[in-house]
Amino acid sequence: DKKAGFDMNTIKSMQRGMKAAGFYTGNIDGLWGPLSEKAFSAMAQAAAQTTSLLPTEARISGVVTLKGS
């Protein structure tokens, strides 16, 4: 399963970033499944609640940019 047409390498990069940020607990496999979706939603919700993220803190592997960057 893919997220918004991203290839497996991009999804792996997103998973690594979400794991480093403490949101993803699954394997880095490049597959967008329930754990990836849950982590992405939790990360986005946390970012929405944070009002003063620095740009470098808001970037997940240079792929996903969250509010504040």
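Q: Which residues of helix 1 are buried?
A: Start with the general idea: an α-helix has 3.6 residues a turn, so residues three or four places apart point the same way. Now the case here, bearing in mind that this is a predicted model. In helix 1 the buried set is Ile 11, Ser 13, Met 14, Gln 15, Gly 17 and Met 18.

Q: How do I check the length of helix 1, and what span should its 13 residues have?
A: Take 1.5 Å a residue, and the expected span for those 13 residues is 18 Å. The C-alpha atoms at the two ends of helix 1 sit 18 Å apart, so the model agrees with the expectation.

Q: What goes on at the ends of helix 1, and which residue caps the N-terminal end?
A: That would be Asp 7: one of its side-chain oxygens lies 3.2 Å from the backbone nitrogen of Asn 9. At the other side, just after helix 1, look at Gly 22, which takes a positive phi of about 90°.

Q: Where does helix 1 fit in the whole protein, and how many helices and strands are there?
A: You'll find three helices and two strands. Reading from the N terminus, the order is α-α-α-β-β. The protein has 69 residues, and 28% of them count as buried. Its accessible surface comes to about 4,300 Å², with 53% of that belonging to carbon and sulfur atoms. For contacts, take the pairs at least 6 apart in sequence: 24% of these join residues at least 24 apart.

Q: Which residues make up the largest nonpolar core?
A: The idea is to look for buried nonpolar residues linked through side-chain atoms within 4.5 Å. The largest such core has eight members: Ile 11, Met 14, Met 18, Tyr 24, Trp 32, Ala 39, Phe 40 and Met 43. Helix 1 (8–20) and helix 2 (34–49) each supply at least two residues of this core.

Q: How should I read ring geometry, and how many aromatic pairs does the count come to?
A: In general, a pair of aromatic rings is described by the distance of the centres and the angle of the planes. Here the count comes to one aromatic pair. Trp 32 and Phe 40 form it, with 5.8 Å from centre to centre and 70° between the planes, which makes it edge-to-face.

Q: Is Trp 32 buried or exposed?
A: Buried, because its relative accessible area is 4% and the cut-off is under 20%. Trp 32 belongs to the loop between helix 1 and helix 2. Its side chain also has a polar contact of 2.6 Å with the side chain of Glu 37. Along the chain, Trp 32 and Met 8 are 24 residues apart, yet their C-alpha atoms are separated by 8.6 Å.

Q: What about a polar residue such as Gln 15: which backbone nitrogen does its side chain reach?
A: The one of Gly 30, at 3.0 Å. Gln 15 lies in helix 1, and at 0% relative accessibility it counts as buried. Beyond four places in sequence, the contacts of Gln 15 are Tyr 24, Asn 27, Ile 28, Asp 29, Gly 30, Leu 31 and Ser 36.

Q: Ser 36 turns up in that list, so which residues does Ser 36 touch?
A: Not counting residues up to four places away, Ser 36 touches Gln 15, Met 18, Tyr 24 and Leu 31. Ser 36 is part of helix 2, and its relative accessibility of 1% puts it among the buried residues.

Q: Where is Phe 23, and is it buried or partly exposed?
A: Phe 23 sits in the loop between helix 1 and helix 2. At 30% relative accessibility, Phe 23 counts as partly exposed. With residues up to four places away left out, Phe 23 touches Met 18, Ala 39, Ala 42, Met 43 and Ala 46. From Phe 23 to Lys 38, 15 residues along the chain, the C-alpha separation is 8.3 Å.

Q: One more case: which residues is Lys 19 in contact with?
A: Leaving aside neighbours within four places, they are Tyr 24, Thr 25, Gly 26 and Ile 28. Lys 19 is a helix 1 residue, and a relative accessible area of 37% makes it partly exposed. Lys 19 and Ala 39 are 20 residues apart in sequence, with 8.4 Å between their C-alpha atoms.

Notes
Residues numbered from 1 in each chain as written. Predicted model: local features only at pLDDT ≥ 70, side-chain atom pairs only at ≥ 80, totals over all residues. Heavy atoms only, no water. Buried < 20%, exposed > 50% of the residue type's maximum accessible area, 1.4 Å probe, protein only. Helix = DSSP H or I, 4+ residues; strand = E, 2+ residues; numbered from the N terminus. Expected span 1.5 Å × (residues − 1). Polar contact = N/O pair within 3.5 Å; in protein donor to acceptor, adjacent residues only side chain to side chain. Contact = heavy atoms within 4.5 Å. Phe/Tyr/Trp six-rings, centres within 6.5 Å; stacked < 30°, edge-to-face > 60°. Areas by Shrake-Rupley, 256 points an atom, 1.4 Å probe, with all protein chains shown as cover.
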